[in-house]
Amino acid sequence: MMDAAHETLTPTGRHLRLDTFVRLRWLALTGQSAAVVGAQFGLGLNLPFGWCFLVIAASCWLNLALRIRFPASYRLSDDSAALLLAFDIVQLAGLLFLTGGLQNPFSLLFLAPVLISATALPPERTLALGLLAVGLATLLALVCRPLPWFADGRIELPFLYVSGVWTAILLGTAFTGVYAWRVAEETRQLARALAATELVLAREQHLSQLDGLAAAAAHELGTPLGTIMVVAKELDRQLGPTASPAIAEDLSLLRDQVDRCRGILSKLTSMGEETEEGESFLQTVTLGHLIEELVAPQRALGIAVDVSKQGEGAEPVCRRNPGVMFGLANILDNAVDFAESRVLIEARWSAERVTLTIRDDGPGFPSEVLLRAGEPYVTTRSRDRSRNPDEAGGGLGLGLFIAKTLIERSGAQLLLSNMTEAGAHGALVRVTWARHVFEREAIAPHRVAHNSLRPLTERDAAPI
């Protein structure tokens, strides 16, 4: 499911929006024009004014053409954005060629297109743009018009200084490109992981609402079933004395099936019945029942799952939370997958805390997972650890991130570690709630706690 979700969530939103690109370019062109005009008329420097504005005008014409040809909401493909950024690098190089090359202090603006590419384009395109920028900077270090000055109209700076500027551009391009790409990539991964989390939550929420839909369907079907029962009784009364054995058998079968349907509908209706407080019984679950719901699907997988419960006072009760159930089930699935023979679930509670510990006898968490616990796209799965030899091997690394996010959203603290006792090995996951947080949305906890001491009746909360 996560593979499909990843394919669905691969964002086209990382593509640059044309309107943003055009606005940034207008800002750059305004700065270039102001610098040329200020140097020519404000400082009195002898610039090739016409040629400079011809280079600037080329970008203006391209901007106008883009604005006319495409709507503002249009998103550029990676190739189109890379070509436009390459044009900006070439345009800047042409402007610098006319105004002193690398001796011009504005030569550091070579970093801007590379930085934009690093935040929005794939690494290979950023690398190509970086090489283009460094290559043009190298050319400008060797060939360019003299830097205009006040006295004789030119100034020659030492080649050592020019080499230093070239080195600064080279290192700045590499560092800012890698740094910006890494930060942007982490942001994109987090956005994709959160989107996947929302999809999972929506799915679980739909499942949790099925009891209400079942109750509604039961109420709607009750009336036609009652009508069928009345008609069946009337037919039996009218045809009973004279009916053939086959018809009598059919009428009996019809009544039996109607009774069976009404029994099923009565069960569905009881699932949706509300308590005096106005809430469904199925919304409330004890800690023990919650653990049994998690463990039940794992019983037939060949790994022993032992449960230990111990605490002070009545057993804690919580409101059933699909997000927490999914997160705990994901952690338990991992424990069963990596365990050699046994998984132990320990539930402990006191007046202040509720703690749930899941430990296995597998190899434990790798160091890179413990160091980056809670980050998306960190996975421990590989082909050799898969129990099914036909699996593709390797997950997306979203499971632990989603589980941690959902569980901590409920107010819990989640701790990942490895077993440290002598002779023991395996992974250990400890989830801790403050008891008042664990029980804050529970419905009539005193009733459920009392029910845990006697057999359940028809009107008591049933274990899930």
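This tour moves through one predicted model, stop by stop, with a selection to make at each.

**The whole chain**

Begin with the entire chain displayed as a cartoon. The chain holds 15 helices and seven strands. Of its 464 residues, 40% are buried. Among contacts between residues at least 6 apart in sequence, 74% join residues at least 24 apart.

**Helices α2 and α4**

Next, select residues 18–42, which form helix α2, together with residues 78–98, which form helix α4. The axes of the two helices come within 13 Å and cross at roughly 0°. An angle under 35 degrees counts as roughly parallel, and α2 and α4 are therefore roughly parallel to each other.

Now show side chains where these helices meet. On α2, the residues to select are F21, R25, L29 and Q32. Their counterparts on α4 are A81, L84, L85, F87, D88, Q91, L92 and L95. By class, the residues of this contact comprise eight nonpolar, two polar and two charged.

**V22 in helix α2**

Remain on α2 and select V22, which is found in this helix. Is V22 buried or exposed? V22 has a relative accessible area of 1%; the limit for a buried residue is under 20%, so V22 counts as buried.

Add N63, L66 and R67 to the selection: V22 touches these three residues, leaving aside those up to four places away in sequence. A distance drawn between the C-alpha atoms of V22 and L64 should read 8.8 Å, although 42 residues separate the pair along the chain.

**The second largest pocket**

Turn now to the second largest pocket, which encloses about 810 Å³ of space. Its lining is made up of 32 residues. To find its centre, select Q32, L92, L95, F106 and L109, the lining residues that lie nearest to that point. Q32, L92 and L95 were also among the residues of the contact between α2 and α4.

Which elements give two or more residues to the lining of this pocket? They are α2, α4 and α5. The most comes from α2, with 11 residues. Colouring the lining by class should show 24 nonpolar, six polar and two charged residues.

**F106, between α4 and α5**

From the residues around the pocket centre, keep F106. F106 lies in the loop between α4 and α5, the latter spanning 111–120. Its relative accessible area is 47%; partly exposed covers values between 20% and 50%, so F106 is partly exposed.

Select A35 and L96 as well, since F106 touches both, again not counting residues up to four places away in sequence. F106 and A35 are 71 residues apart along the chain, and their C-alpha atoms are separated by 9.5 Å.

**A351, between β4 and β5**

For the final stop, move to strands β4 (342–349) and β5 (353–360) and select A351 in the loop between them. A351 has a relative accessible area of 58%; exposed means over 50%, so A351 is classed as exposed.

Show E312 and R435 alongside: A351 touches both, with residues up to four places away in sequence not counted. Finally, draw the distance from the C-alpha atom of A351 to that of G313, which comes to 7.7 Å for two residues 38 apart along the chain.

Notes:
Residues are numbered from 1 along each chain as its sequence is written. This is a predicted model: local features need pLDDT of at least 70, side-chain atom pairs count only at pLDDT 80 or more; totals for chains, interfaces and linings use all residues. Side-chain values use heavy atoms; hydrogens and water are left out. Axes are lines fitted to C-alpha atoms, for helices over the stretch in contact, and angles run from 0 to 180 degrees between N-to-C directions. Helices (H or I, at least four residues) and strands (E, at least two) are DSSP runs, numbered from the N terminus. Angles under 35 degrees count as roughly parallel, over 145 as roughly antiparallel, 65 to 115 as roughly perpendicular and the rest as oblique. Contact means heavy atoms within 4.5 Å. Ala, Val, Leu, Ile, Met, Phe, Trp, Tyr, Cys and Pro count as nonpolar, Asp, Glu, Lys and Arg as charged, and the others, Gly among them, as polar. Buried means under 20% relative accessible area, exposed over 50%, partly exposed in between (1.4 Å probe, protein chains only). On a 1 Å grid over the protein atoms alone, a cavity is a set of points where a 1.4 Å probe fits but cannot get out, and a pocket is an open set with protein on both sides within 12 Å along at least five of seven lines; lining residues have an atom within 4 Å of a point. Grid points are joined across faces, edges and corners, and a volume is the space filled by probe spheres set on the points.
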